[in-house]
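Got your viewer open? Let's go on a short walk and look at some aromatic rings.

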Amino acid sequence: MSKNTTKEKKAKKIQEEAVQVYHKPLIKRRKPNRSVSGDIALGIFLALVAVIMVFPIVYAVSSALKPLDELFMFPPRIFPRRPTINNFSDLFVTMGKSWVTFSRYLFNTVFITAVGTAGHLFIASMGAFVLAKYQFPGGQAFFKLVTVAMMFTGMVTQIPNYIIINKLGWIDTYWAIIIPAFASPMGLFLMKQFMESLPTALIEAAKIDGASEWTVFTKIVMPNVKPAWMTLIIFSVQGLWNNRASTYIYSEEKKTLVFALQQIQAGGIARTGQAAAVLVVVMIVPILIFVFSESQILETMASSGIKD
Amino acid sequence: MANENAATKSKVSPADMSFFQKLVMMRRHNAKVALKKMKTSRNCYLFLAPYAIIFTVFFIFPVVASIFFSFTYYNLLESPKFIGLNNYISLLLEDEIFLIGIKNTLIIALVTGPLGYIMSFFFAWLINELPRWVRSVAIVVFYAPSIAGNCFVIFSVFFRGDAYGYVNAFLMNIGIIDNPVLWLTDPKWMLPICMLVILWMSLGTGFLSFVAGLQSVDPSLFEAGCIDGVKNRWQELWFITLPSMKPMLMFGAVMAITQAFGVFDVTFQLCGYPSTDYAARTIVTHVYDYGFSRFEMGYACAIATILFLLMILSYKLIEALLNRVGE
């Protein structure tokens, strides 16, 4: 009996050893060129920086949730003791009392963002398609111009843009913001770089089957670049949502939501709570959109490099 | 006469032609080929046309117009009057506020540009090694400040000038300072605070590009490097990762230039407009001041043109620098 068990134990031990040898990894570390202590040190460093990065945002959100007496408490607390949504409801009351209704501001922003983004997606994709998949005189040169234009949009061109829009008679209309947004260089750039990774054989096969360029574009290319769609939409929405457009639009009823909200922000100390609520409302939209489309954006950005 | 000439020319064999004649012939031939290509790719132009037209009107033409208007006096009401180099002369020799602006912009650009660029890459590189879900969270955390609208105004609460400002209170409590510092109204402190805020927001589109680019670097390169004698992560970074990231690095550089030279919102909202002693004035603030407060469009265009030249110059510089990475 006892002999048997020792034998069994021995057998088990040998087996275990065999298994261990079998499982012994060929390369000891998961990644070459890494030290464990370095991994830990850099991890701690990264965590520290992450806390610093996120602190102002957390603070803004928590101030928006603080009741009035806690807002002016000293020393301040990071997290509210009695969280409330009063600031947000106050914000709606204030907006409701303004001469132009809240829904009108919201409509303006949504209209500008929706039309601008849709047009941008369509027009930029059309241009990107031929730039990526066909060779024609002037194509490369044009793309180079777009690449350089990514750098100085907005700052250098704002004065002549004002003059041009003035001459076109678009001052104080939505078009002053929407039409220039159609041609945002960033969108065309990212779309073209992403479309280049699409196999040319796909397009050629469709052509042999008798598809026109338009059919190729709408039926084959566009469905295959969905991640890039999302990216274009997000960058465009971010740009348009945050656009205060204060230089182009002066009628109160055509102003954007962000502009109106930031007017409230300037309302002094009595509106501290509401101002914090405004911060949260303004920043939550782009951040949420990003969170939900992160993987698609990263997929697009992987082809964002500028090659010579 | 001309026809005769052309006829005799075409009969001459290429060997007898002078260099110039050959050049002309080649050019003509190339032009013909290009024209034919253009005709066959008519559809391409049709596809590109809507974008190209809007892009030209709102992005290319304004740059040209800006250079043109910079030589004129133009106030939107009267037609532009040509005044030669006068705008530039008064900008560089008489306008002291502009010199403050250009100095501030250069300081901000030289500090936050490279630093923000390196930070973007460095954090993207560190994040890249994290497990998948931690990585997604980390990307959101690092990227959020740059898309958080004007969330940065919260810094004006931290850096308030009285003893109740958090930074002041903290520093007074631990005894580093005795009196509250007027962070956002004292010319000495405005720029550093603004740069701090800009750095906080500097992990933007370039950062995303780096994160995505790092994930697509071929992992077998690292193993090959390990065998070839790469000893630690820093050597790996310099010899393998950076060279295979060059296109993304160039894209990131474009984003960094935009952000470093275009500083406006942060100084505008944190330090006020105009700021004390113009200590937080930047080139873009100056453009805004002359363009939309005083409506001296010609003068504003001259400032914008200088900004444009600065950006193109730094773009070329970075392009040259990046070509030497990993050598």
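## A tour of the rings

Start by selecting A:Phe55, A:Tyr59, B:Phe155, B:Phe158, B:Phe159, B:Trp183, B:Trp189 and B:Trp200: together they make up one aromatic cluster. Keep in mind that you're looking at a predicted model.

Next, think about pairs. Two aromatic rings are described by how far apart their centres are and by the angle between their planes. Over all chains, the count here is 45 aromatic pairs. Let's visit two of them.

Select A:Phe129 and B:Phe47. Their ring centres are 5.5 Å apart and their planes meet at 65°, so this pair is edge-to-face, since over 60 degrees counts as edge-to-face. Now colour by chain: the pair crosses from helix α5 (residues 102-133) of chain A, home of A:Phe129, to helix α3 (residues 42-69) of chain B, where B:Phe47 sits. Are these two buried or exposed? A:Phe129 is buried, at 0% relative accessibility, and B:Phe47 is buried too, with a relative accessible area of 7%.

Move on to A:Phe290 and B:Tyr143. Here the centres are 4.6 Å apart with the planes at 50°, so the pair is tilted. A:Phe290 is in helix α14 (residues 272-301) of chain A and B:Tyr143 is in helix α6 (residues 132-147) of chain B, so this pair joins two chains as well. Both A:Phe290 and B:Tyr143 are buried.

Last stop: charges over rings. Pick A:Lys226 and A:Trp229, and you'll find the lysine's charged end over the tryptophan ring, 6.0 Å from its centre. Then jump to chain B, where the charged end of B:Arg294 sits over the ring of B:Tyr290, 4.3 Å from the ring centre.

Definitions and conventions
Residues numbered from 1 in each chain as written. Chains lettered and ligands numbered in written order. Predicted model: local features only at pLDDT ≥ 70, side-chain atom pairs only at ≥ 80, totals over all residues. Heavy atoms only, no water. Phe/Tyr/Trp six-rings, centres within 6.5 Å; stacked < 30°, edge-to-face > 60°. Helix = DSSP H or I, 4+ residues; strand = E, 2+ residues; numbered from the N terminus. Buried < 20%, exposed > 50% of the residue type's maximum accessible area, 1.4 Å probe, protein only. Lys NZ or Arg CZ within 6 Å of the ring centre and 35° of its normal.
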